Amino acid sequence: MEPRFSCTACGKCCHGWLPLTLKDAVTHAGRFPLAMVWTPVRSNARSYELATRLGATVRLPNRKTVAVLIVPTAYLPTSHPCPELRDDGLCGIHEDKPSRCRTMPFYPYREEKDQADLLVPRKGWQCDTSSAAPVVYSGHAILDRTDFDRERADLLEQAPVIQRYAEYMLKYMPWIAGELAKLAAKPTGGNLATSLSSFLTATRRPDAAEIAAAQAPLFRVMAERTKDDPALREYHRNYSGWAKEMEGLARRDSRQSSPPSP
């Protein structure tokens, strides 16, 4: 039977981390608290070759090599809804929502032939997979592939920037390679979150001050919301630290761009 799928706008998938393209991260810098999330992909994984093209290839301290996806991400605890999710379960920015939301349930970090299991709703999700829903995937091919192709193209286009960022971080923060080795050794894998400010510094974006100024208040709000929850201690620590980094980056770049005093 060909898999069928239709979104029912239950809002269940609109919680927690949201992977973004760089374009979407910049566009929505005033909406989402952002982090750079590193995910090692072992050489025996089905998506390894694709991951080497979309991410970076890293030589670990144990001399093994992994591909690493480094993804700008709306960094929200899994219990927290997207800030644009309305009370009626609909998206508050539907016409301007990120590529990741448009492409769901498909995932361009996987080969197109490996998408079938993504059409099985997760526990608690209310996606319509009944016979009344349209066929969206057939013969290992996505039938309406416009959003998938657009998101994949954006990921390929940004790959050189991501690779330069990885080289910068591994040079100036070599401890990251050790952390990636630990994650790659785990049977279930894992993720490492680094600050967006490190990305802005490494890539010397001309709009870094503007992005930092948009991010700082978001981190302050999230730090306040997570301060009393022991389960979210790591989030609170990151939000608090990254708010200060963004404030400093906004001030520093603002001074550098200002004309010299008479």
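Me: Where do I start with the nonpolar core? Which of the 49 residues in the largest nonpolar core touch the most other members?

Reply: W38 and I70 do. Keep in mind as we go that this is a predicted model. A handy way to read a core is to pick a well-connected member and look at what surrounds that residue. Take I70: leaving aside its neighbours within four places in sequence, I70 is in contact with M36, V37, W38, A56, I162, Y165 and A166. Apart from the largest core lies another one, of 10 residues, including A51, A67, V71 and L155.

Me: Next, the empty spaces. How many cavities of 30 Å³ or more does the structure hold?

Reply: Two. With a cavity, ask about the volume, then the lining, then which elements supply that lining. The largest cavity has about 60 Å³ of space, and the residues around this space are L22, A25, V26, L34, L196, F199, L200, R205 and I211.

Me: Which elements each supply at least two residues of that lining of the largest cavity?

Reply: Those are α1 (22-27) and α6 (196-203). Sorted by class, the lining of the largest cavity has eight nonpolar residues, no polar ones and one charged.

Me: And what is the volume of the second largest cavity?

Reply: About 40 Å³. Its lining is made of L54, G55, L69, I70, V71, Y109, L155 and Q158. Two or more of these residues come from each of β4 (65-74) and α4 (146-172), and β4 gives the most, with three residues. You've already met some of the names: I70 belongs to the largest core, while V71 and L155 sit in the core of 10 residues. By class, the second largest cavity is lined by six nonpolar, two polar and no charged residues.

Me: Can I read a pocket in the same way? How much space lies in the second largest pocket?

Reply: The same steps work here. The second largest pocket holds about 500 Å³. It is lined by 25 residues, and those nearest its centre are L192, A193, T194, N238 and W242. Two or more lining residues come from each of α4, α5 (175-185), β7 (192-195), α6 and α8 (233-257). The largest share, six residues, is from α8. As for class, the lining of this pocket splits into 11 nonpolar, eight polar and six charged residues.

Me: Let's look at a helix then. Which residues of α5 are buried?

Reply: I176, A177, L180, A181, L183 and A184 are buried in α5. To read a helix, look down the axis and see where such residues point. The buried residues of α5 fall within an arc of 165°, so they line one face of the helix. On the other side of α5, K182 and A185 are exposed. The buried residues are covered by elements that include β2 (34-41), β3 (56-59), β4, α4 and β7.

Me: Loops look harder to me. Is P174, in the loop between α4 and α5, buried or exposed?

Reply: For a single residue, compare its relative accessible area with the cut-offs: under 20% is buried and over 50% is exposed. P174 has 53%, so this residue is exposed. For Q115, in the loop between α3 (99-103) and β5 (137-138), relative accessibility is 0%, so Q115 counts as buried. Leaving aside neighbours within four places in sequence, Q115 is in contact with F106, Y107, R110, Y137, I142 and F148.

Me: What should I look for in the backbone? Which residues does a cis peptide bond join?

Reply: M104 and P105, with omega at about 5°. P105 lies in the loop between α3 and β5. Another thing to check is the sign of phi. Phi of A9 is near 60°, a positive value in a residue other than glycine. A9 is in the segment before β1 (18-19), and this residue is partly exposed at 30% relative accessible area. H140 likewise has a positive phi near 60°. H140 is in the loop between β5 and β6 (141-142) and counts as exposed, with 55% relative accessibility.

Note on methods
Residues numbered from 1 in each chain as written. Predicted model: local features only at pLDDT ≥ 70, side-chain atom pairs only at ≥ 80, totals over all residues. Heavy atoms only, no water. 1 Å grid on protein atoms, 1.4 Å probe; cavity = no way out; pocket = protein on both sides within 12 Å on 5 of 7 lines; lining within 4 Å. Points joined across faces, edges and corners; volume = space filled by probe spheres on them. Helix = DSSP H or I, 4+ residues; strand = E, 2+ residues; numbered from the N terminus. Nonpolar A, V, L, I, M, F, W, Y, C, P; charged D, E, K, R; others polar. Core = buried A, V, L, I, M, F, W, Y, C linked by side-chain atoms within 4.5 Å. Buried < 20%, exposed > 50% of the residue type's maximum accessible area, 1.4 Å probe, protein only. Contact = heavy atoms within 4.5 Å. Arc of directions from axis to C-beta.
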